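Hello,

Here is the structure I promised to pass on to you. Please open it first, and then read the notes that follow.

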Amino acid sequence: TEIIDPVAGTSVPGPPLAEKRAHHGAVRAGQQVVAVIGGEGQNALRRRVEFVSTTRNTASLGPELTIGRSRPIVGVFPNDQRVVLVAGGVSSAGTSVGSGQGVDSAELLLLDLQGLEGSEVLCPNLKMTQARVAAGITSLEDGLLIVGGIAWSDEHNKEEALNNAEEVVLQ
């Protein structure tokens, strides 16, 4: 990890991750803590969420996702900063987007912003309208909007950019 101070124009090494990973998502999980979600490392998908603390200079493993996801779409709900959407992605480590298996499922991660060890995965069986990878995500007043991304047909091994969106509302 790396800690960048844009005001001072400096960069210093941060704490090492407990599990090496790339192609992951990350969201803020409280004061000076980042939740690193999914990704892949050593040709294996990462299911464990990892919490990186810049004040303690530590990284610790948290709850497991239902499935490993490389290149997941992650976003924090604006009306409840403890709830993180983890959606889509690719279900095969070490593959290009076009040769992996797209994921159309989603799950909610409930962050314990006080102790983090109480964080847990909720609603593991949510479905999106279609598999999405490399999509944009933004917050709305009461939910999240997933925009575009890439879908592909395994039958034709063909990538296709998407021109649609889907809204996810936390009730």
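**What I found**

Let me start with one pair of residues: Ala 87 stands opposite Ala 106 in strand 11. Please keep in mind that this is a predicted model. The pair belongs to a longer match, in which strand 10 (residues 83-87) and strand 11 (residues 105-110) run antiparallel and are joined by 5 bridges.

Both strands are part of an open sheet of 4 strands, with the order 9-10-11-12 and antiparallel pairing. Which strands stand at the edges? They are strand 9 and strand 12 (120-127), and each has a single partner strand, so one side of each is left without a neighbour in the sheet. From one strand to the next, the twist averages 20 degrees.

Next, have a look at the loop between strand 8 (58-64) and strand 9 (73-76), where you will find Ser 70. Is Ser 70 buried or exposed? Its relative accessible area is 0%, so Ser 70 is buried, the cut-off for that word being under 20%. The side chain of Ser 70 takes part in a polar contact of 2.6 Å with the side chain of Glu 40. Another polar contact, of 3.3 Å, links the side chains of Ser 70 and Arg 71. Leaving aside residues up to four places away in sequence, Ser 70 touches His 23, Gly 39, Glu 40, Leu 45, Gly 89 and Val 90. Glu 40 therefore appears both among the residues touched by Ser 70 and as a partner in a polar contact with the buried Ser 70.

Now to the beginning of the chain. Strand 1 (residues 2-5) and strand 2 (residues 10-13) run antiparallel, with 4 bridges between them. In this pairing, Glu 2 stands opposite Pro 13 in strand 2. The two strands form a hairpin with 4 residues between them. What is the phi of Gly 9 in the turn? It is positive, at about 70 degrees.

Glu 2 turns up once more in the last feature, the largest pocket, as one of its lining residues. The volume of this pocket is about 210 Å³. Along with Glu 2, the lining includes Thr 1, Ile 3, Leu 17, Arg 21, His 24, Ala 26, Val 34, Val 36, Val 52 and Thr 54. Which elements give two or more residues to this lining? Strand 1 and strand 4 (33-37) do.

I hope you enjoy exploring the model.

Best wishes

Conventions:
Residues are numbered from 1 along each chain as its sequence is written. This is a predicted model: local features need pLDDT of at least 70, side-chain atom pairs count only at pLDDT 80 or more; totals for chains, interfaces and linings use all residues. Side-chain values use heavy atoms; hydrogens and water are left out. Buried means under 20% relative accessible area, exposed over 50%, partly exposed in between (1.4 Å probe, protein chains only). A polar contact is a pair of N or O atoms within 3.5 Å; within protein, one must be able to donate a hydrogen and the other to accept it, and residues adjacent in sequence count only if both atoms are side-chain atoms. Contact means heavy atoms within 4.5 Å. Two strands pair if DSSP finds at least two bridges between them. Axes are lines fitted to C-alpha atoms, for helices over the stretch in contact, and angles run from 0 to 180 degrees between N-to-C directions. On a 1 Å grid over the protein atoms alone, a cavity is a set of points where a 1.4 Å probe fits but cannot get out, and a pocket is an open set with protein on both sides within 12 Å along at least five of seven lines; lining residues have an atom within 4 Å of a point. Grid points are joined across faces, edges and corners, and a volume is the space filled by probe spheres set on the points.
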